[in-house]
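Please open the model in your viewer and keep the selection panel at hand. The stops below say what to select next and what is there.

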Amino acid sequence: MSNRTSKDIELDMEELRTAIQEEYKEVAINPQQGFHFHTGRPLTRILGYHNVWLEGIPETSIESFAGTGNPFSIDAIRQGEQVVDVGCGAGIDSLIAAKMVGPTGKVIGVDMTPAMLAKAMSSAAEAQLSNVEFHEGYAESMPVPSGWADVVISNGVLNLMPDKAATLKEMARVLKPDGRLQIGDILVQKAVPTSAKQKIDLWTG
Amino acid sequence: MAAGFVDFEITWQADVFSDAPQQSSAADFGTVGINFRARKPVDDAEWNTALEALACEISDQPKVE
């Protein structure tokens, strides 16, 4: 077991990553089982996703959607732009972005969960979207060139990072100067005690 | 700003966890879903200007009697 810990709290990073991977592997392979968060088409309605965005997006990506916000409602994603989707999961947001940027644009989705990536890749092929690619990787060290992206999107991922500053710095690295962050995530309105932060099951549930 | 962004703004927030299939710890902490935006500075000059705008003066400490 790795003894690497978050510098702010005593938490085994590899144990946390494993727990998150196992949770979202279930979202990928058993999306109907019900989780402590909403998923799939019901969630797209809660978060205000327009029906037109979902046209042509394969159900295998929609059913495993587990975001917490709506990156596309923040600002338009424009034709020709290059977009990175951090923690892309089963690919719904990456595929929506791919449709928005069109054939002159490009989307890179990054995720650490192989089961999710497999669905994303399958969906991209089914939707015949050739301007999107998916790579396995961590949000803190993405396989994306520096200064590549016009926009970084992410949805329900940053809250799972023990070192949010490091993740945001990595997002900054891959962005062009003047590039945009458009993020869906969560906010707590009551202080979370350190003892709670050290409980891995509270990170995933 | 510590991560290198300017123009941070939360643009939306809402309860996205109520009535989820399984009970969640989200309600214990008043957890809500949010959207936020931010921007990477155009250049070092913009970044330095933003940093300077954050500077604040520390008022004189009151005398202890």
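Two strands are said to pair if DSSP finds at least two bridges between them, and the strands themselves, like the helices, are DSSP runs numbered from the N terminus, with at least two residues (E) for a strand and at least four (H or I) for a helix. This is a predicted model, in which local features need pLDDT of at least 70 and side-chain atom pairs count only at pLDDT 80 or more, while totals for chains, interfaces and linings use all residues. Residues are numbered from 1 along each chain as its sequence is written, and chains are lettered from A and ligands numbered from 1 in the order in which they are written.

**Stop 1: chain B**

Select chain B, which has one helix and two strands, arranged from the N terminus on as β-β-α. E1(B) and E2(B) pair in the antiparallel sense over six bridges, and if you pick Ala14(B) you will find its bridge partner, Gly33(B), in E2(B). Of the 65 residues of this chain, 15% count as buried, a residue being buried if 20 or more other C-beta atoms, placed from the backbone, lie within 10 Å of its own, exposed if 12 or fewer do, and partly exposed in between.

**Stop 2: from chain B into chain A**

Keep E2(B), residues 32-39, selected and add E5(A): eight bridges join these two strands, which run antiparallel. Leu181(A) stands opposite Ala38(B) in E2(B).

Which strands make up the whole sheet, and in what order? Seven strands form an open sheet with mixed pairing, in the order E3(A)-E2(A)-E1(A)-E4(A)-E5(A)-E2(B)-E1(B). Strand E3 (132-136) of chain A and strand E1 (6-14) of chain B stand at the edges, each with a single partner strand, so one side of each is left without a neighbour in the sheet. From one strand to the next the twist averages 15 degrees, where angles run from 0 to 180 degrees between N-to-C directions and axes are lines fitted to C-alpha atoms, for helices over the stretch in contact.

**Stop 3: the side of chain A that touches chain B**

Now show both chains together: 36 residues of chain A are in contact with 30 residues of chain B, two residues being in contact if their C-beta atoms, placed from the backbone, lie within 7 Å. The elements that give two or more residues to the chain A side are helix H7 (164-174) and strand E5 (175-187), and the largest share, twelve residues, comes from E5(A).

While E5(A) is selected, look at Asp178(A), which lies in this strand. Asp178(A) has a positive phi of about 75 degrees although it is not a glycine, and with 13 other C-beta atoms within 10 Å it is partly exposed.

**Stop 4: chain A as a whole**

Hide chain B and view chain A, which has nine helices and five strands. Its radius of gyration, taken over C-alpha atoms, is 16 Å, close to the 17 Å that the globule rule gives for 205 residues, so chain A is as compact as a globular protein of that length; the rule is 2.2 Å times the number of residues to the power 0.38. Of the 205 residues, 44% count as buried.

**Stop 5: the nonpolar core**

Select Val83(A), Val84(A), Val86(A), Leu95(A), Ala97(A), Val152(A) and Val174(A), the residues with the most contacts inside the largest nonpolar core, which has 55 residues. Such a core is a set of buried Ala, Val, Leu, Ile, Met, Phe, Trp, Tyr and Cys residues joined through C-beta atoms within 7 Å. The largest share of this core, six residues, comes from helix H5 (residues 92-101) of chain A. Not counting residues up to four places away in sequence, Val84(A) touches Ile108(A), Val110(A), Val144(A), Ala149(A), Val152(A) and Val174(A).

**Stop 6: helices H1 and H6 of chain A**

Finally, select H1(A), residues 13-29, and H6(A), whose axes come within 7 Å and cross at roughly 35 degrees. Tyr24(A), Lys25(A), Ala28(A) and Ile29(A) of H1(A) meet Ala115(A), Met116(A) and Lys119(A) of H6(A) there. In the loop between helix H6 (114-126) and E3 of chain A lies Gln128(A), a non-glycine residue with a positive phi of about 55 degrees. Gln128(A) counts as exposed, with 7 C-beta neighbours inside 10 Å.
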